[in-house]
Amino acid sequence: MPKSKLNEHIRWLIVERILEGLSCRRIAGELNISKSSVSRTFLQFQKYGCVEDLTPLGRGQSRILTVDDIKYLENLLREKIDWYLWELQSEMELWLGHHISYGTIWRAIHRLGYTHKQVKHFNFFYAVLQIY
C-alpha cells in the first residue's frame, strides 16, 4: 500500500499541538497518523521554518543554508542592491565561517524570487545622432 502524504493543514495542526505541549504519541493517536510522521513534520518545521513538503526538491544532500542564513542573505540583497555575486559570497562566508560556492548563493537568491538583470546593448552612435 503506497504512503499517503500529509496535507499542509494536518502539518500545521501537528506543529500547533506540539507547541501547545502535547506529546507526539498523543497527536499521532488523535490524527490517526504514525508517531514518526508527527516527529518528522515538527523536525522539518524546526529546521526550515515551514511545513511545506520539500521532497519534490530532491532526495539529495541536505541544504547548506538554514532559515537564518537565508534571512541574512535576503537582508544583504535589500541593503546592497548593487553588489556582485562574489561580494555576496564573501559576506556569506564571513557569516557562516566556511567556504560557500557561487552556485549555492545563486540557487538561494533564485529561491528567494530574484532574477538576474541583463544590460541591454546601448548604441552610442544612434544616441549621439538623437542629441543633434
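## Tyr-102, two cores and an aromatic cluster

Tyr-102 is partly exposed, at 44% relative accessibility. The model described here is predicted. Tyr-102 sits in helix α6, which spans residues 102–111. Together with Tyr-84 and Trp-86, Tyr-102 makes up a nonpolar surface patch. The accessible area of these three residues together is about 410 Å².

**Overall make-up**

The protein chain contains seven helices and zero strands. Read from the N terminus, the order is α-α-α-α-α-α-α. The chain has 132 residues, and 23% of them count as buried. Its accessible surface is about 10,600 Å². Carbon and sulfur atoms account for 56% of that surface. Now take the contacts between residues at least 6 apart in sequence: 40% of them link residues at least 24 apart.

**The nonpolar cores**

In soluble globular proteins, nonpolar side chains tend to be buried together. Which residues form the largest nonpolar core here? There are eleven: Leu-65, Ile-70, Leu-73, Leu-76, Leu-77, Leu-88, Met-92, Ile-100, Ile-105, Ala-108 and Ile-109. Three elements give two or more residues to this core: α4 (67–79), α5 (85–96) and α6. Helix α4 supplies the largest share, four residues.

A second core is separate and has ten residues. Among them are Leu-13, Ile-14, Ile-27 and Val-51.

**Contacts around Ile-105 and Gln-89**

Ile-105 belongs to the largest core. Neighbours within four places in sequence aside, Ile-105 contacts Leu-73, Leu-85, Leu-88, Gln-89, Met-92 and Ile-100. One of these partners, Gln-89, is placed in helix α5. Is Gln-89 buried or exposed? Gln-89 is buried, because its relative accessible area is 11% and the cut-off for buried is under 20%. With neighbours up to four places away again left out, Gln-89 contacts His-99, Ile-100, Ser-101, Tyr-102 and Ile-105. That list includes Tyr-102 of the surface patch and Ile-100 of the largest core.

**Thr-41 in helix α3**

Thr-41 is part of helix α3. Its relative accessible area is 4%, so Thr-41 is buried. Beyond residues up to four places away in sequence, Thr-41 touches Leu-6, Arg-11 and Ile-14. Ile-14 is also a member of the second core.

The table gathers the accessibility values of four residues.

| Residue | Relative accessible area | Class |
|---|---|---|
| Thr-41 | 4% | buried |
| Gln-89 | 11% | buried |
| Trp-12 | 34% | partly exposed |
| Tyr-102 | 44% | partly exposed |

**Aromatic pairs**

A pair of aromatic rings is described by the distance of the centres and the angle of the planes. The structure has three aromatic pairs. One of them joins Trp-12 and Phe-45. Their ring centres are 5.8 Å apart and their planes stand at 75 degrees, so this pair is edge-to-face. The cut-off for that class is over 60 degrees.

What does the pair tie together? Trp-12 is in helix α1 (residues 8–20), whereas Phe-45 is in helix α3 (residues 35–48), so the pair links parts 33 residues apart in sequence. Trp-12 is partly exposed, with a relative accessible area of 34%. Trp-12 and Phe-45 also join Phe-42 in one aromatic cluster.

Key:
Residues are numbered from 1 along each chain as its sequence is written. This is a predicted model: local features need pLDDT of at least 70, side-chain atom pairs count only at pLDDT 80 or more; totals for chains, interfaces and linings use all residues. Side-chain values use heavy atoms; hydrogens and water are left out. Buried means under 20% relative accessible area, exposed over 50%, partly exposed in between (1.4 Å probe, protein chains only). Contact means heavy atoms within 4.5 Å. Accessible areas come from the Shrake-Rupley method with a 1.4 Å probe; for residues, only the protein chains shown count as cover. Rings of Phe, Tyr and Trp (its six-membered ring) pair if their centres lie within 6.5 Å; planes under 30 degrees apart count as stacked, over 60 as edge-to-face and the rest as tilted. Patches are made of residues with over 30% relative accessible area and no salt bridge: like charges are joined within 9 Å, nonpolar side chains (Val, Leu, Ile, Met, Phe, Trp, Tyr) within 5 Å. A salt bridge is a side-chain nitrogen of Lys or Arg within 4 Å of a carboxyl oxygen of Asp or Glu. A nonpolar core is a set of buried Ala, Val, Leu, Ile, Met, Phe, Trp, Tyr and Cys residues joined through side-chain atoms within 4.5 Å.
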